[in-house]
Amino acid sequence: MKRIGVIGIVINDKSVTVEMQKLLSEFSDIIVGRMGVPHKNVSAISLIVEGTTERISALTGKLGKMNLIVKSALTSYEIED
């Protein structure tokens, strides 16, 4: 079963952006939408994701190991394949 969720990312260290972009490309199969907002010394990115709990958790876990602030929320809505 797949779920729909949101991942919020705050970037306060621009040196990790290239590594983060590569990671997001690796997980592009679960990213449905993306919006980025640059703001002074900080940028924010919101991702709408659709995938298994395991796949979404793998993405948020890898993002969390970078110098980023990451929060995620999954809905209880399940999508059948």
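Here are some notes on this predicted model, going from the sheet to the helix, the salt bridges and the surface.

1. **Ground rules.** Numbering starts from 1 along each chain as its sequence is written, and side-chain values use heavy atoms, with hydrogens and water left out. Since this is a predicted model, local features need pLDDT of at least 70 and side-chain atom pairs count only at pLDDT 80 or more, while totals for chains, interfaces and linings use all residues.

2. **The sheet.** Four strands make an open sheet in the order β2-β3-β1-β4, with antiparallel pairing. The edges are taken by β2 (31-39) and β4 (69-79), each with a single partner strand, so one side of each has no neighbour in the sheet. From one strand to the next the twist averages 10°. On terms: strands (E, at least two residues) and helices (H or I, at least four) are DSSP runs, numbered from the N terminus, and two strands pair if DSSP finds at least two bridges between them. As a reminder, strands of a sheet pair through backbone hydrogen bonds, either parallel or antiparallel.

3. **Pairing, strand by strand.** β1 and β4 run antiparallel and are joined by eight bridges; if you want a register check, Ile 7 has Ser 72 in β4 as its bridge partner. On the β3 side, nine bridges join β1 to β3, again antiparallel, with Gly 8 opposite Ser 46 in β3. Then β2 and β3, also antiparallel, share eight bridges. There, Arg 34 sits opposite Leu 47, and Pro 38 has Ser 43 as its bridge partner.

4. **The hairpin.** β2 and β3 form a hairpin with two residues between them. Have a look at Lys 40 in the turn, which has a positive phi of about 50°.

5. **Two faces of β3.** Which side chains of β3 are buried, and which are not? Ser 43, Ile 45, Leu 47, Val 49 and Gly 51 point to one face and are buried. Val 42, Ala 44, Ser 46, Ile 48 and Glu 50 point to the other face and are not buried. The cut-offs are relative accessible areas: buried is under 20%, exposed is over 50%, and partly exposed is in between (1.4 Å probe, protein chains only).

6. **Helix α2.** This helix (residues 53-64) lies across β1, β3 (42-51) and β4, and runs at about 10° to β1. For the angles, axes are lines fitted to C-alpha atoms, for helices over the stretch in contact, and values run from 0 to 180 degrees between N-to-C directions. Thr 60 is a residue of α2 and counts as buried, at 16% relative accessibility. Beyond its neighbours within four places in sequence, Thr 60 is in contact (heavy atoms within 4.5 Å) with Ile 7, Val 70 and Ser 72.

7. **Leu 68.** You'll find Leu 68 in the loop between α2 and β4, and it is buried, with a relative accessible area of 11%. Not counting residues up to four places away in sequence, Leu 68 touches Ile 9, Val 10, Ile 11, Val 16, Met 20 and Leu 63. By contrast, the C-alpha atoms of Leu 68 and Val 6 are separated by 16 Å, with their positions 62 residues apart along the chain.

8. **Salt bridges.** How many salt bridges turn up in a search of the whole structure? The search finds two, a salt bridge being a side-chain nitrogen of Lys or Arg within 4 Å of a carboxyl oxygen of Asp or Glu. One joins Glu 78 and Arg 3, with the closest N and O atoms 3.1 Å apart. Glu 78 lies in β4 and Arg 3 in β1, so the pair ties together parts that are 75 residues apart in sequence. Both ends are partly exposed: Glu 78 has a relative accessible area of 38% and Arg 3 has 23%.

9. **The other salt bridge.** Asp 29 and Arg 55 meet through their side chains at 2.8 Å, N to O. This pair links distant parts of the chain, 26 residues apart: Asp 29 is in the loop between α1 (17-26) and β2, and Arg 55 is in helix α2. Asp 29 is exposed at 53% relative accessible area, whereas Arg 55 is partly exposed at 28%.

10. **A nonpolar patch.** Ile 4, Val 6, Val 32, Ile 48 and Tyr 77 form a nonpolar patch on the surface, with about 440 Å² of accessible area together. Areas come from the Shrake-Rupley method with a 1.4 Å probe, and for residues only the protein chains shown count as cover. Patches are made of residues with over 30% relative accessible area and no salt bridge; like charges are joined within 9 Å, nonpolar side chains (Val, Leu, Ile, Met, Phe, Trp, Tyr) within 5 Å. Ile 4 belongs to strand β1 (residues 2-11).
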